[in-house]
Amino acid sequence: MKKTEFEKWSSQATRWSTRYLNEIENYPVRAQTFPGEIAAQIPDAAPDEAESMEQIMADFEHIIPPGMTHWQHPRFFAYFPSNAAPAAMIAEQLATSMAAQCMLWQTSPSATELEQRMVDWLRQSVGLPEGFDGVLQDTASTATLCAILTMRERTLNWESNQKGLSGFPHLRVYASSRTHSSIDKAMWIAGLGQENLVKIDTDDEFAMDEDKLRAAIDADIAAGHKPAGVVICVGGTSMGATDRVRKVCKLAQEYQLFTHVDAAWAGSAMICPEYRHLWDGIELADSIVLNPHKWLGASMECSAHFIKDPASLVRTMAIQPEYLKTYGKDGIVNFSEWSVQLGRRFRALKVWFLLRAYGLNGLRTMIRNHVQWSEKLATLLDAEADFEITTQPILSLFTFRYIPASVTDPDTLDELNRNLVTAINDDGRIYLTQSIHDGVNVIRFMCGQFDMQESDIDVAYDVIREVARALE
Ligand SMILES: *Cc1c(COP(=O)(O)O)cnc(C)c1O
């Protein structure tokens, strides 16, 4: 493709995107393809000769969308949302046009300085006090890995990057049994090992039991292990489990442990002051992650990672071979020293466009609607004799079960609920996912798509009842 054709094909792509977004409701929400169906339509190897853009676009339109699950569908109620607000998409195109590589201040001063500003805009938006600095990571998984590496280095007196981990005592990290699997993975990658992630039982509020946390730390010290940090959950994936941030942070501080708060999904809702009780005490945390790429409309990937003492993160992550040393002004920030990646995308541009194009009030209204509509559906389902709300809404997430009077055997009920999720997703009008809560199969309902309306909740209500009652 020649550069002279860029405008033509870029406009074509814009037209396709516009049509797609306008017609998205006509697609089944979850891809209805079989494994291998898409791959079978793609040649085994790259072409030696150039192909025409006409052919490439035609193949895209024909092959790709039918094999996509439509995360921007207003009746996407599965997992957590992944929104790409139009303003963010436009910013992405502009950033890509500049092939921005934002590893150092010098390689993209605008990107670095805008990123600093955007992190601070986000900090203020979610009500964090001054004193938190931060960076836009690709994902929450990376932010959590960086936090666990920081725990490790800090606890081992900044020696483990140099010496490796053999010869040191076992480092212990604590988290509730309801935290996300990215914490486990970070333990593996950091070389600390699954067995040193101590999962603390939760109480009947689904929060980490602080007495058990203290007992676990004391037992580890007595056994000659080295406690390194605590990962605190705000809005867990399965049903929104939330730890008491203030209590856990205070306890951690008694033992000088580093605290990292995983609020990947729920953190976005903190732009609304009325939800901030969910992370009361957040100012005591050392590190916090929330994902604007989930609920705020920044397209993948965009994770805001706030850190109280960036020096400890940079001391953990910075490598400075000669060719990366820059001789800019004092006080410049090189964000590659705050993360795993060297090369980095220009993520701040989409945050800037997004926050300005919708305004905090626009985003707050959206989030408040989602919370209210989710509560409405929970109330409606709760009033049906053959449904139960297993866990009450936390923000816009709740779990439920189908419990017709004719079925009493627990295993049969589990199977029925698993089958119900499959049947609903095969139906295609809405998309839900399952989870296991305290040993039983439950169905998750979460709403968070940017364009959804209250009427989409009514469709969900109808589909859930209709498909369930047709199962028997
Ligand atoms: C989504 C999610 C993650 C993982 O986020 P990524 O950005 O996909 O790595 C971690 N923790 C919680 C609570 C989440 O909801």
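How far does a polar side-chain atom of Asn291 lie from an oxygen atom of the ligand? In this model, which is predicted rather than determined by experiment, the distance between the polar side-chain atom of Asn291 and the ligand oxygen is 2.9 Å.

**The ligand and its surroundings**

Asn291 belongs to a shell of 14 residues that surround the ligand, and it is listed among the closest of them together with Ala140, Ser141, Asp262 and Lys294. Three of these residues place a polar side-chain atom opposite an oxygen atom of the ligand, as the table sets out.

| Residue | Distance from a polar side-chain atom to a ligand oxygen |
|---|---|
| Ser141 | 2.5 Å |
| Lys294 | 2.8 Å |
| Asn291 | 2.9 Å |

The ligand, taken alone, would expose 380 Å², and the protein buries 88% of that area. The space that the ligand takes up is the second largest pocket of the model. Two elements give two or more residues to the shell around the ligand, namely helix 5, which covers residues 140-155, and helix 10, which covers residues 292-295. Sorted by class, the shell is made up of eight polar residues, four nonpolar residues and two charged residues.

**Salt bridges**

Across the whole structure, a search finds 31 salt bridges. One that can be described in detail joins the side chains of Arg30 and Asp426, with a nitrogen-to-oxygen distance of 2.8 Å. This pair links distant parts of the chain, since its two members are 396 residues apart: Arg30 is found in the loop between helix 1 (6-23) and helix 2 (53-63), whereas Asp426 is part of helix 13, which comprises residues 410-427.

**Backbone features in loops**

Which peptide bond is cis, with omega near 0°? The bond in question runs from Met300 to Glu301, and Glu301 is located in the loop that lies between helix 10 and strand 7 (303-307). Helix 10 is thus named here again, having already appeared as one of the elements that contribute to the shell around the ligand.

Two further loop residues, neither of them glycine, have a positive phi. For Phe206, which is placed in the loop between strand 3 (197-200) and helix 8 (210-222), phi is near 65°. For Gln256, which is placed in the loop between helix 9 (245-254) and strand 5 (258-262), phi is near 55°.

Conventions:
Residues are numbered from 1 along each chain as its sequence is written. This is a predicted model: local features need pLDDT of at least 70, side-chain atom pairs count only at pLDDT 80 or more; totals for chains, interfaces and linings use all residues. Side-chain values use heavy atoms; hydrogens and water are left out. A residue is near a molecule or strand if one of its heavy atoms lies within 4 Å of it. A polar contact is a pair of N or O atoms within 3.5 Å; within protein, one must be able to donate a hydrogen and the other to accept it, and residues adjacent in sequence count only if both atoms are side-chain atoms. Accessible areas come from the Shrake-Rupley method with a 1.4 Å probe; for residues, only the protein chains shown count as cover. On a 1 Å grid over the protein atoms alone, a cavity is a set of points where a 1.4 Å probe fits but cannot get out, and a pocket is an open set with protein on both sides within 12 Å along at least five of seven lines; lining residues have an atom within 4 Å of a point. A molecule sits in a cavity or pocket if more than half of its atoms lie within 2 Å of its grid points. Helices (H or I, at least four residues) and strands (E, at least two) are DSSP runs, numbered from the N terminus. Ala, Val, Leu, Ile, Met, Phe, Trp, Tyr, Cys and Pro count as nonpolar, Asp, Glu, Lys and Arg as charged, and the others, Gly among them, as polar. A salt bridge is a side-chain nitrogen of Lys or Arg within 4 Å of a carboxyl oxygen of Asp or Glu.
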